[in-house]
Amino acid sequence: MAERRDAREQFAQAVGIMARLRGTAGCPWDREQDFDTIKRYTLEETYEVLDAIERRDWPDLKDELGDLLLQVLFYAQMAAEAGYFDIADVAENLNAKLIRRHPHVFGDADAKDSDTVLKNWETIKRQERVEKVAAAAGLLDGVPRNLPALIEAEKLAGKAAKVGFDWPDVEGVLRKMDEEIAELRAAVVEGSEQSISEETGDILFTASNLSRKLHVDGEMALRAANAKFRARFAAMEALASEHGLVLQGLNADELEALWADAKRGGAGA
C-alpha cells in the first residue's frame, strides 16, 4: 500500500495547482471564469455529493468531495486575485467560528448531550446576528437569494417565524394549502398564465412551510420522492418490456395500470 502523504501537503499542492491554472501561463478556460460562471457548478457538485452519500458509494463520494473542494479553491483564488481574501482567510475564519461555537470543547461551557450543544450553538448564532444587525437592512437579508428555491423558502419562513410571523400549528398550514389550491383552480379556469404561475409558486411556498412545521427536511424529502419516482418509472419500463410494449404507445389507463403494478411489486418502497 502506498504511503499516505500529509493532508496539509496535499491541500497546499491543491492550492498551488489552482493558482497555476489561473495564472498567466495557466488554463484558458480556468482563467476566463468568474464568480458568476462558477456558481452553477458549485450547486451541481453539491448535489453530486448528496447523491453519492445516498447511494453509499464511498469511492465516488471521495471524488465528489474533491470536486466540491475545487469549488472552494476556485472562489478563494479568484477572491485573492481581486484582493478580497485568500484561502488562508477562509480557513482562519472557519477555525475561529468552530472554536467560538464549541465552547464546551474549547472553553468552560458544559454540554453533556447533543440537545445542549444545539441550544448553545443557536444562542451563539443569535449573539453573532445581534452584532451584525446594524449592517443588515432587514431580517431576511441574511438568506442568500441563490439557494435552491425550496431551501430558500424554508429559510425565509423560518426567519419570519422567529419574530412570531407563522402559523400557530400544522392545521393552519394545511388550511392555507387548501386555500392556495382553490386559488390555483380559479386561475386555471381564468386561463391567466401569470396567475397560474403565481398561484403555483404560492402552493410550493406553502408546501415548504408544511415540511418546516412538521420538522421534515423538505429538500431531503423531495429528493427521496424523486428517487422513488425514478425506481417506479424504471419498473414500469421493465414491465412494459416484458410484455413487448413501449410506454410511448400506451394510453393513460394502461400507463396507470403499469404504475400500480410497479407499486405492488415494491419498486421505490
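When I speak of the angle between two helices, I mean the angle between their N-to-C directions, which runs from 0 to 180 degrees, and the axes are lines fitted to C-alpha atoms, over the stretch in contact. With that in hand, let me take you through this structure, which is a predicted model.

Let us begin with helix α8 and helix α11, the latter covering residues 218-242, which pack at an angle of about 150 degrees with their axes 9 Å apart. Because angles over 145 degrees count as roughly antiparallel, α8 and α11 are described as roughly antiparallel to each other, and their crossing is right-handed.

Now compare a second pair of helices. Helix α1, residues 7-22, packs with α4 at an angle of about 55 degrees, and here the axes are 10 Å apart. The two helices α1 and α4 are therefore oblique to each other, and the crossing of this pair is right-handed.

What ties α1 and α4 together at the level of side chains? Here we can look at R22 and E81, whose side chains meet in a salt bridge, with 2.6 Å from N to O. Since R22 sits in helix α1 and E81 in helix α4, the pair ties together parts that are 59 residues apart in sequence. As for their surroundings, R22 is buried, with a relative accessible area of 13%, whereas E81 counts as partly exposed at 42%.

As background, side chains of opposite charge can pair when their charged atoms come close. The structure holds 14 salt bridges, and I will pick out a few more of them.

The side chains of R212 and D166 meet in a salt bridge at 2.8 Å, again from N to O. This pair links distant parts of the chain, for R212 belongs to helix α10 (residues 193-213) and D166 to the loop between α8 and α9, 46 residues apart. R212 is buried, with a relative accessible area of 18%, while D166, at 29%, is partly exposed.

A more local case is found in helix α9, where K176 forms a salt bridge with E180, the closest N and O atoms being 3.2 Å apart. Because K176 and E180 are 4 residues apart in this helix, about one helical turn separates them. K176 counts as partly exposed at 24% relative accessibility, but E180 is buried, with a relative accessible area of 4%. Elsewhere, salt bridges that share partners join D51, R55, D57 and D60 into one network.

Let me turn to the backbone. Most residues other than glycine have a negative phi. Which residue in the loop between α3 and α4 should we look at with that in mind? R56 is found in that loop, and R56 has a positive phi of about 55 degrees although it is not a glycine; with 53% relative accessibility, R56 counts as exposed. H215, in the loop between α10 and α11, likewise is not a glycine and has a positive phi, of about 60 degrees, and H215 is exposed, with a relative accessible area of 74%.

Finally, please look at the surface, where F11, F35, L69, V72, Y84, F85 and V90 form a nonpolar patch with about 590 Å² of accessible area together. One of these residues, L69, lies in helix α4, residues 58-82, and at 34% relative accessibility L69 counts as partly exposed.

Terms used. Residues are numbered from 1 along each chain as its sequence is written. This is a predicted model: local features need pLDDT of at least 70, side-chain atom pairs count only at pLDDT 80 or more; totals for chains, interfaces and linings use all residues. Side-chain values use heavy atoms; hydrogens and water are left out. Patches are made of residues with over 30% relative accessible area and no salt bridge: like charges are joined within 9 Å, nonpolar side chains (Val, Leu, Ile, Met, Phe, Trp, Tyr) within 5 Å. Accessible areas come from the Shrake-Rupley method with a 1.4 Å probe; for residues, only the protein chains shown count as cover. A salt bridge is a side-chain nitrogen of Lys or Arg within 4 Å of a carboxyl oxygen of Asp or Glu. Buried means under 20% relative accessible area, exposed over 50%, partly exposed in between (1.4 Å probe, protein chains only). Angles under 35 degrees count as roughly parallel, over 145 as roughly antiparallel, 65 to 115 as roughly perpendicular and the rest as oblique. A crossing is left-handed if the near helix is turned anticlockwise from the far one by less than a right angle, and right-handed if clockwise.
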